[in-house]
Amino acid sequence: MADKNDKVEGNAEGKWYVDETCIACGICLEFSKKLELDYDIGFCKVTSQPKNADEERGLTQAKDVCPVEAIGDDGA
Ligand code: SF4
């Protein structure tokens, strides 16, 4: 389970975030445009918080498929 105390630097402020257990596999990117792989730091991060149900659903799917449970929704 993702840990809000271990957020990747650069996540958009809010409830959705990626933590530092991310292994930069890129699978989540297929499910949400709110996620971006930052090759400089080697982690994925949330670029902006969802603004509607579709975007929320995409992040929920990304959270569900992440193999290391690095995506959290309890950040705020
Ligand atoms: S699916 Fe998980 S481990 Fe893979 S890039 Fe996304 S947040 Fe990181």
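The legends below describe close-up views of a predicted model.

**View 1. The shell of residues around the ligand.** In this predicted model, the ligand is surrounded by Val18, Cys22, Ile23, Ala24, Cys25, Gly26, Cys28, Cys44, Cys66, Pro67, Val68 and Ile71. When these shell residues are sorted by character, eleven are nonpolar, one is polar and none is charged. The one polar member of the shell is Gly26, because the classification places glycine among the polar residues and cysteine, like alanine, valine, isoleucine and proline, among the nonpolar ones.

**View 2. The cavity that holds the ligand.** A search of the whole structure returns one cavity of 30 Å³ or more, and the volume of the largest cavity is about 90 Å³. Its lining is made up of 13 residues, of which Cys22, Cys25, Cys28, Cys44 and Cys66 are the closest to the centre. The lining of the largest cavity comprises twelve nonpolar residues and one polar residue, with no charged residue. The space taken by the ligand is this largest cavity, and the five cysteines named here as closest to the cavity centre also appear in the list of residues around the ligand.

**View 3. Alanine 24, a residue of the ligand shell with a positive phi.** Alanine 24, which is one of the residues around the ligand, is located in the loop that runs between strand S1 (17-18) and S2. Although alanine 24 is not a glycine, its phi is positive, at about 55°. Its relative accessibility is 31%, so alanine 24 is classed as partly exposed, the range between under 20% for buried and over 50% for exposed. Across the sequence, the C-alpha of alanine 24 lies 5.3 Å from that of phenylalanine 43, although 19 residues separate the two along the chain.

**View 4. Glutamate 69, a second residue with a positive phi.** Glutamate 69 belongs to the loop between helix H1 (53-65) and strand S4 (71-72). This residue, which is not a glycine, has a positive phi near 55°. With a relative accessibility of 45%, glutamate 69 is partly exposed, because the value does not go over the 50% that exposed residues must pass.

**View 5. Isoleucine 41 and glycine 42 in the loop between S2 and S3.** Isoleucine 41 occupies a place in the loop that joins strand S2 (35-38) to strand S3 (43-46), and glycine 42 is found in the loop between S2 and S3 as well. Isoleucine 41 has a relative accessible area of 39% and is therefore partly exposed, while glycine 42, at 33% relative accessibility, likewise counts as partly exposed. If neighbours within four places in sequence are set aside, isoleucine 41 makes contact with Val8 and Glu9, and the C-alpha atoms of isoleucine 41 and valine 8 are 8.9 Å apart in space across a sequence separation of 33 residues. With the corresponding neighbours left out, glycine 42 is in contact with Cys22 and Ala24, both of which are listed among the residues around the ligand. The C-alpha atoms of glycine 42 and glutamate 20 are separated by 9.3 Å, with the two residues 22 apart along the chain.

**View 6. Phenylalanine 43 and leucine 37, two buried strand residues in contact.** Phenylalanine 43 is part of strand S3, and leucine 37 has its place in strand S2. Phenylalanine 43 has a relative accessibility of 17% and leucine 37 a relative accessible area of 14%, so both count as buried, each value being under 20%. Apart from neighbours within four places in sequence, the contacts of phenylalanine 43 are Val8, Glu20, Cys22, Glu36, Leu37 and Asp38. Leucine 37, with its own neighbours within four places left aside, is in contact with Ala24, Gly26, Leu29, Phe43 and Cys44, and Ala24, Gly26 and Cys44 are also among the residues around the ligand. Leucine 37 and cysteine 25 are twelve residues apart in sequence, and their C-alpha atoms lie 8.9 Å apart in space.

Key
Residues numbered from 1 in each chain as written. Predicted model: local features only at pLDDT ≥ 70, side-chain atom pairs only at ≥ 80, totals over all residues. Heavy atoms only, no water. Near = heavy atom within 4 Å. 1 Å grid on protein atoms, 1.4 Å probe; cavity = no way out; pocket = protein on both sides within 12 Å on 5 of 7 lines; lining within 4 Å. Sits in = over half its atoms within 2 Å of the grid points. Points joined across faces, edges and corners; volume = space filled by probe spheres on them. Helix = DSSP H or I, 4+ residues; strand = E, 2+ residues; numbered from the N terminus. Buried < 20%, exposed > 50% of the residue type's maximum accessible area, 1.4 Å probe, protein only. Contact = heavy atoms within 4.5 Å.
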